[in-house]
Each structure stands twice: as C-alpha cells, then as structure tokens.
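Hi,

Here is the structure I promised to pass on. Have a look at it first, and my notes follow underneath.

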Amino acid sequence: MIIIGIGANLPAPGQMDARSTCLAALAELRGRGIVIGAVSPWYESEPVPRSDQPWYVNAVVEVRDSRPPQALMAVLHEVEAVFGRVRGVPNAARTLDLDLLDHDGRVATGDAWPVLPHPRLQERAFVLLPLRDIAPDWVHPVLNKGIDALIRDLPEGQGIRRLPGRPGS
C-alpha cells in the first residue's frame, strides 16, 4: 500500500480554493500514471505549528504505482510545482503539499530520501484521522503501533474537523 498525504491552505493560480487545488492535483497525478485508489474524506485543520495562516484542507490517498519511492517523490514534487508550490520557509503557507507517507511498509531513515515512513506522520492529526478512514488496520512500520493507538498518543491542541461531502469530491 502506498499512501500519500495531500493538503493546501492557499488556492493555486486558476483554482477557486485550496480544496479545488487538491482535487485538481489528484487529476494531475492520474494523468502521470498514478492510480488513485481510496481517497479519505476531506478535513480542515489548523496549521502545525499554530500560526495566523489560513487553515489547511487535507486528505489521505491510497495509490498504486510501480515507481520506487525516490521516483514517486520526484513526481510528487513536479506536481506541487505545477500548482505553484514554492519551497522556502519551513511550515509556510502553501498551494499544495504532497507527502509520501508510506510506500509498501518500507523503512528508510538517516540520510535516505525520502525518509519512510514520513518522519512526522505520527504527530499529525491531519494525517492520522484521514488515514484511519481509508486504512483502519494500518500499522506504523517503525513504531509497530496501530492507527488507533497513534491517534490516542497525538499531542494535544491540534484543531481539526471533518468537512462535509463525499471522499474525493
């Protein structure tokens, strides 16, 4: 199972809002040969760490792709660039954020790129809650903890709410 986190808190050029950007990014991923499987419901979450930025729109997507993690990550960065993502200050507002969260349970640490599983996914409600929606039996390959235990261990104070609507729309 390959799991990608998707989020934005600014609309990309030509998009109405952050959610529209994320939906257009899913179409762009499909156009690059990535098969989109399950898409979680959309969530709205406050920035981490807290700031005066707009809240984010987030989801988690299960995909199928034959590329190794490095090549898949390169595609994710290309798609971010298509939607106006500029890498600069850490934790800055962004038009699109695509994170490779898990790639078939692979573990890559230290100087590896990308680090797998994503090094902070267990600290983020905006990752874990939508991940539970599509993969309730997922187990962190390093911590060996299930999704419900990871959610129980989340740090306090992360504002998040599920948005109405169907997953993927």
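Strand E4 (56-64) is mostly covered, with eight of its nine residues buried. Buried here means under 20% relative accessible area, exposed means over 50%, and partly exposed is in between, using a 1.4 Å probe and protein chains only. Helices and strands are DSSP runs numbered from the N terminus, with at least four residues (H or I) for a helix and at least two (E) for a strand.

Before going further: this is a predicted model, where local features need pLDDT of at least 70 and side-chain atom pairs count only at pLDDT 80 or more, while totals for chains, interfaces and linings use all residues. Residues are numbered from 1 along each chain as its sequence is written, and side-chain values use heavy atoms, with hydrogens and water left out.

Back to E4 and its partners. Two strands pair if DSSP finds at least two bridges between them. E1 pairs with E4 in the antiparallel sense over seven bridges, and Gly-5 has Val-60 in E4 as its bridge partner. E2 is antiparallel to E4 too, over three bridges, with Val-35 opposite Arg-64 of E4. Then there is strand E3 (residues 43-45), which also pairs with E4 in the antiparallel sense, over three bridges; there, Glu-44 is matched with Val-57 of E4.

One residue of E2 to click on is Val-39. Val-39 counts as buried because its relative accessibility is 15%. Leaving aside neighbours within four places in sequence, Val-39 is in contact with Leu-26, Val-60, Val-61, Ile-134, Pro-167 and Gly-168; contact means heavy atoms within 4.5 Å. Glu-28 is 11 residues from Val-39 along the chain, and their C-alpha atoms are separated by 15 Å.

Now for helix H1. Does its length come out longer, shorter or as expected? H1 has 14 residues (18-31), and at 1.5 Å a residue they should span 20 Å; the end C-alpha atoms are 20 Å apart, so the two agree. The expected span is 1.5 Å times one less than the number of residues. The buried residues of H1 are Ala-18, Arg-19, Ser-20, Thr-21, Cys-22, Ala-25, Leu-26 and Leu-29. What do they pack against? Strands E1 (2-8), E2 (35-39), E4 (56-64) and E5 (97-103), plus helix H2 (69-82).

The ends of H1 are worth a look as well. At the N-terminal end, Asp-17 acts as a cap, with a side-chain oxygen 3.3 Å from the backbone nitrogen of Arg-19. Just after H1, Gly-33 has a positive phi of about 90°.

Next, Arg-94, which you'll find in the loop between H2 and E5. Is it buried or exposed? Arg-94 counts as buried, because its relative accessibility is 14%. A polar atom of the Arg-94 side chain lies 3.1 Å from the backbone oxygen of Ala-92, and a polar contact of 3.3 Å links the side chains of Arg-94 and Asp-97. A polar contact is a pair of N or O atoms within 3.5 Å; within protein, one must be able to donate a hydrogen and the other to accept it, and residues adjacent in sequence count only if both atoms are side-chain atoms. Not counting residues up to four places away in sequence, Arg-94 touches Ala-8, Asn-9, Leu-10, Tyr-56 and Arg-85.

The loop between E5 and helix H3 (125-134) holds Pro-114, and a cis peptide bond joins Trp-113 to Pro-114, with omega about -5°. Pro-117 sits in the loop between E5 and H3 too, and the bond from Leu-116 to Pro-117 is cis, with omega near -15°. Asp-104 belongs to that loop as well. Although not a glycine, Asp-104 has a positive phi, near 55°. Asp-104 counts as partly exposed because its relative accessibility is 47%.Asn-144, in the loop between H3 and helix H4 (147-152), also has a positive phi near 55° without being glycine. At 64% relative accessibility, Asn-144 counts as exposed.

Last, the rings. Arg-161 lies over the face of Trp-55, 4.4 Å from the ring centre; a charge sits over a ring if NZ of Lys or CZ of Arg is within 6 Å of the ring centre and within 35 degrees of the ring normal.

Cheers
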